[in-house]
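Me: I am new to this structure and would like a close look at a single part of it. Please take one residue in a loop, describe its surroundings with care, and then set it against the rest of the chain.

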Amino acid sequence: MLLAAAVAAATALVATGPVAAEPSTAPPATDRQDQYAAAAAEYGVPQSVLLGVSYLESRWDTHPGQPSTSGGYGPMHLTDAQHVLSTPASGHVDEGEDPRGDDSRPLTLDPATAAAPAEDVLPQASLQTLDAAAALTGLAEETLRTDAAANIRGGAALLASYQKELGAPVGAGTDPAAWYGAVARYSGADTEDAAAAFADEVYDQLGLGATRTTDDGQRVTLAATTVTPDLSGLHKLGLRRAERPDGLECPVRLACEWIPAPYEEYYIPKTGTWDYGNHDLGNRPAQQKIEYIVIHDTEGYFGPSVNLVKDPTYLGWHYTLRSVDGYVAQHIKAKDVGWHAGNWYVNAKSIGLEHEGFAGHGTWYTEAMYRASAKLVRHLALRFQIPLDRQHIIGHDNVPGTVAGNVAGMHWDPGPYWDWSHYFDLMKAPFLSTGTPHTGLVTIDPDFATNRPAFYGCNQQPPGVPKPVPPAEPCPLRGSSAVILRTAPSATAPLVNDLGLRPNGTPDTMYISDHGARASAGQTYALADVQGDWTAIWYLGQKAWFFNPASAPTAKWSAGFVVTPKPGRTTIPVYGRAYPEKAAYPATIPYQTISALQYTFAAGQRYALGGVLPGEYYRAVSFDGSAPGDRTVVRGENRYVQIQFGHRIMFANLDDVLILPSAIGG
């Protein structure tokens, strides 16, 4: 149904655009810069416009033969609905999972009710540009997917066809300002503000210029040229205007729409009871400080994911971002508490962003989505005074289990293919070296393009505890933010063990969802040792080694503060939530147990300090707030330190530790 509509749209495009071209007889250019120049000349597109559009789609990377999260291929992101519809959407909830993460009101969802339908996957305009490019160039679709030069020609042909349909001049020497409408259409957006946001980013990039080396080693430059675009072509596209009501919590120039998550009661015939969903009302930050922004991926496509968040029987998060154009839907106000992280302490103190995509399919996240997300996160962080660092801007994979029994079931998105370093660059908060080998901390930061760990199992992702079930195929070798942690300074040493995933003590694996022996870009750890090209950090109660040669470092030296057990303490507990002591609870509110996780924080070990936090519990268990003590925050005398204990953040009681400058003992 969807594919047929896309093909029809592609056919119509060709019919109204230029006649399909014969393949070029000129010798193919081998230099990437020359390939852009040749394609621009062949189809009559200003080279700067072609380079700018490609930069906004892929940063000129080829991702050889591998699709993006929205089914786009190559440096021009030519989309293929056939691929999108053939990729299974896995939904966002595992069996027996409690996304709310509160012992007082456990919420277990049935994964069968959360199956994402294969409908409304993407805006129709963006579904099948690969077909249209094939028709316009005469090139085979497989060639357009896998050959960078062909892909660039296909993108140039599409831009020229859009420009002709708008009745605008075509030619390599035409004024780039006249191409705004065609650039906006190239975004694939189905709303005028989203198309404009994409085009604005392209023209901003023209003014800034850019130079970088692509993922296949090609050096490409866009010379900085100030262009004042002619916006008149935008309105000729006939796109709908998204609703942007007062109170929408998005920055200016970000394509954003209010699609509310329902806060309503519903009847459960099976039990004869009433319940409510899919979030809780709150009064943040007046009542409780927002400490975190949690980055998720949807494990499905945009349309079905938005449909799920509109279901009162499902779970709720604050924003969903679309891959193809960076369009943002807001569902819950920041003052209210979403059910998204599986940890009630983190939920009560966070804003959740879902990004269209899959953590382990080997696909890549689009530049349009990275940019929209970075703008949104920076806006929220400045508004709510959330530090722009990896102690506060965290992945779902960094959220700890609340108690030992649910550590293994915690999610691992957005996964090792999320480019944290580039993301923070876009937020104007780059990872910088602030120390030396003697200052005691390291911040993980491998080169994303060349750091390509050999994961496997992207074709097979069973829920629950990661298990390498044959036949698990190798994942595509592609850029990653993750460094791999070993028990000794050797590439042949076993990976370290995460007791939460493998209580029998066996090593973790390179299975894509097995995150227990990984550190991620931007995370800061206490230095434990250095031997040659290998660096050790304290990680889950053990020394964990990663390859960090001076000639191609995968981490930066840092300085700050560390946490260590007080003298006389052999070990101290670590926690997945920072709750108050029993005496702090009034009689109307049940005590929430302070339950230690299964890990050991021993004397002599040090972990990077992420902040000092009050012990807090937000009580919210009834629809109308009528339950005793509802919608209040319990605070006590307990204070906690947040530490980078493993791949996930964790907490220790302030009374159990010393906070020291990181250089001591380094």
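Reply: Arg 502 lies in the loop that runs between strand 16 (482-484) and strand 17 (518-520), and the model in which we see it is a predicted one. Although Arg 502 sits in a loop, its relative accessible area is 10%, and because buried means under 20% relative accessible area, Arg 502 counts as buried. Its side chain has a partner there, since the side chain of Arg 502 makes a polar contact with the side chain of Asp 514, at 2.8 Å.

Burial can also be followed in a helix, and helix 5 (residues 129-137) offers a case in which 8 of the 9 residues are buried, so that this helix is largely enclosed by the rest of the structure. Among the buried residues of helix 5 are Leu 130, Ala 132, Ala 133, Ala 134 and Leu 136, and the list also includes Thr 129, Asp 131 and Thr 137. Just after helix 5 comes Gly 138, which takes a positive phi of about 80°.

As for the whole, the protein chain holds 14 helices and 28 strands, and 60% of its 666 residues count as buried. When contacts between residues at least 6 apart in sequence are considered, 72% of them join residues at least 24 apart. The accessible surface of the protein chain comes to about 23,800 Å², with 55% of that surface belonging to carbon and sulfur atoms.

Definitions and conventions. Residues are numbered from 1 along each chain as its sequence is written. This is a predicted model: local features need pLDDT of at least 70, side-chain atom pairs count only at pLDDT 80 or more; totals for chains, interfaces and linings use all residues. Side-chain values use heavy atoms; hydrogens and water are left out. Helices (H or I, at least four residues) and strands (E, at least two) are DSSP runs, numbered from the N terminus. Buried means under 20% relative accessible area, exposed over 50%, partly exposed in between (1.4 Å probe, protein chains only). Contact means heavy atoms within 4.5 Å. Accessible areas come from the Shrake-Rupley method with a 1.4 Å probe; for residues, only the protein chains shown count as cover. A polar contact is a pair of N or O atoms within 3.5 Å; within protein, one must be able to donate a hydrogen and the other to accept it, and residues adjacent in sequence count only if both atoms are side-chain atoms.
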